[in-house]
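Thanks for making time. I have one structure today, and I will go through a charge pair, a helix pair and the empty spaces.

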Amino acid sequence: MSSRPLPTAIPKGARYALVLVALTNAVSLLDRQILAILAPAIKHDLNVGDAEMGLLFGTVFALFYALFSLPLGRLADGWTRTRLLAISLVVWSAATALGGFASSFGVLAASRLGVGIGEAASQPAGTSLIYDYWPRQRRGFVMAVIASAIAVGIGGSLALGGIAAQWWDSGTHTVLHGWQFALIVAALPGFALAALIWRLREPVRGSMDGFATAPDPHPFAASGAVLIAVLPGLHWIVFARRRATRATWLFNLGAMALIVVAMVALTRFATGLSPRPPLVLAGMAINPHALQWSVIGFGLMVIVNLLQSMRIADPQAFAVISRSPTLIMAMTVGALQSVLNYGMMAFNPSFIIRTYHQSMAQTAWQFGLLAATTGIVGPLVWGPLSDTLQKRYPGAGRAYVALFAMGLSPLLSFWVYLAPTAGDFYLRFVFYSLILTGWMPPLYAIIYDQVLPRMRGLTASVYLLVMTILGLGVGPYVVGLLSDATGNLRWSMLGINAVAIPIVILMLLIARRSQRDENALPVRAAI
């Protein structure tokens, strides 16, 4: 680490770069979340239930998003990040457009698979890129802008999806359904944004943190090696080549056995709780609950493989990540909060339509605009506030902002979702959303300050893997499962707030020791 003072001035082009990276996140969430508003129409046309929609919304997307975030995160640590972001935008936009021509659950699932692969590079590459444009003391603000852009994408997905679908269905069109037309429209902005990002200047890696980072001479080979190292089955080749110890082999095989047993048990439990007709994929009839837990089990095995391969191939990165209790707890908090957030977001439009008998267009316009507005304002308040409090209370300032948001919002949710009318719901949702949006900027800043600049892409990928498999992959499915089993979507959504209990406990621990772990970074990295 350099002994010179770290840069404090905002360099030329940083604001423009932040706008483009923020827009990338907005488009990512637009294409990802649009199924939420389209769910009632998709359910009707494809004859599926809430559990299947939760599987489609979360699990199918989550596996490939999480899996490919690993090699693409490694590629972001070694290759030109602007190029990677631009290519990824084109891939996931094309996959979104493919969904517009889906006439079966299988084709729509394949479309979401492609969206997941394309979007896998967005956060690792975007975060790594923007951190080399902005000084450390402004990164709470940076993450606030990105969080606000995410809110724009979520709100925009509701407004664009609902209005476009209902407008199309109100005409005399017979070639496509409204939800198919909405997916095609949603794909268009990504292509234009990709052209702008392709021309963006690539900053010097690590320049804002005082860490000298040598260029990676073989970034694609390293990226491919990461994919092979984590894919179940192929990872054994890596173990054999690197002469892994007997303990490594035994731990891996034992973890696999435990995961298989757990997934079989969860499949049987879910099938007994809510039996569902089989899904037909590639000509095969598949139990949707078996598909759900097979995907989650596969993802858990990828996590195990990743950590073991990292320990063998990059012991410095493994030490930096695994020996930071703050980082481990923060990733756990992010995963638990994602169970809650994605579980609620996946069914918010369906809840409003069913409970308050609003049309798709009404819900899209009113709730989409409301979600976007509060999602923009909230992070822009909480992010700078967390920076200010962090200066006054080193280590604890950001943690307490996140704790306040994640601890209070679950309590407010009962007040919101028990509202007697749509007007009351929207009014109460304003206060709820403004509080809820405070968690992401400080938590992300805590995570990325715990690692070296060269590891930020990898760290983002590890976090995305854990958060996506255990958060996005579980939250929507569980809410849908409970809704199918009980017939009560409202209480199925509210029940997911139970995860707030461990979140609060972990955030209190993070507040106590995050600064200590950040100060120990040079020791963990042995530099």
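Start with Asp50 and Arg354, whose side chains form a salt bridge, with 2.8 Å from N to O. Asp50 belongs to helix H2, residues 50-76, while Arg354 belongs to helix H14, residues 348-356. The two are 304 residues apart, and the pair links distant parts of the chain. As background, side chains of opposite charge can pair when their charged atoms come close. The structure has 8 salt bridges.

This is a predicted model, so a word on confidence. The protein has a mean pLDDT of 87, and 97% of its residues are at 70 or more. Confidence is highest in helix H10, residues 246-273, at 95. The low end is strand E1, residues 279-281, with a mean of 72.

Next, the helix pair. How do H6 and H15 run relative to each other? Helix H6 covers residues 139-169 and helix H15 covers residues 360-392; they pack at an angle of about 180 degrees. An angle over 145 counts as roughly antiparallel, and H6 and H15 are therefore roughly antiparallel to each other. Their axes are 7 Å apart. Sorted by class, the contact of H6 with H15 contains 21 nonpolar, 9 polar and 2 charged residues.

Now the cavities. Rolling a probe the size of a water molecule over the atoms shows where empty space is left. Searching the whole structure gives 3 cavities of 30 Å³ or more. The largest cavity holds about 660 Å³ of space. Its lining has 38 residues, and Ile150, Ile154, Asn341, Met345 and Met440 are the closest to the centre. Which elements give two or more residues to that lining? They are helix H1 (14-46), helix H5 (122-131), H6, helix H13 (325-345), H15, helix H17 (422-436) and helix H18 (440-448). So both members of the helix pair are on that list. H6 has the largest share of the lining, 7 residues. By class, the lining of the largest cavity comes to 25 nonpolar, 12 polar and 1 charged.

The second largest cavity holds about 60 Å³. Among the residues lining the second largest cavity are Gln390, Arg398, Asp449, Ser514 and Glu518. H18 appears again here: H18 and helix H22 (500-519) each supply at least two residues of this lining. H22 gives the most, with 3 residues. The lining of the second largest cavity divides into 2 nonpolar, 5 polar and 3 charged residues.

Last, the largest pocket. How much space lies in the largest pocket? About 550 Å³. The lining of the largest pocket consists of 20 residues, and those nearest the centre are Arg74, Ala222, Val226, Ala313 and Asp314. Helix H8 (219-230), helix H9 (235-241) and helix H11 (288-313) are the elements that give two or more residues to the lining. H8 gives the most, 5 residues. By class, the lining of the largest pocket has 11 nonpolar, 2 polar and 7 charged residues.

To put the linings side by side, charged residues number 7 in the largest pocket, 1 in the largest cavity and 3 in the second largest cavity. That is the end of my part.

Definitions and conventions: Residues are numbered from 1 along each chain as its sequence is written. This is a predicted model: local features need pLDDT of at least 70, side-chain atom pairs count only at pLDDT 80 or more; totals for chains, interfaces and linings use all residues. Side-chain values use heavy atoms; hydrogens and water are left out. On a 1 Å grid over the protein atoms alone, a cavity is a set of points where a 1.4 Å probe fits but cannot get out, and a pocket is an open set with protein on both sides within 12 Å along at least five of seven lines; lining residues have an atom within 4 Å of a point. Grid points are joined across faces, edges and corners, and a volume is the space filled by probe spheres set on the points. Helices (H or I, at least four residues) and strands (E, at least two) are DSSP runs, numbered from the N terminus. Ala, Val, Leu, Ile, Met, Phe, Trp, Tyr, Cys and Pro count as nonpolar, Asp, Glu, Lys and Arg as charged, and the others, Gly among them, as polar. pLDDT is the predictor's confidence in each residue, from 0 to 100. Axes are lines fitted to C-alpha atoms, for helices over the stretch in contact, and angles run from 0 to 180 degrees between N-to-C directions. Angles under 35 degrees count as roughly parallel, over 145 as roughly antiparallel, 65 to 115 as roughly perpendicular and the rest as oblique. A salt bridge is a side-chain nitrogen of Lys or Arg within 4 Å of a carboxyl oxygen of Asp or Glu.
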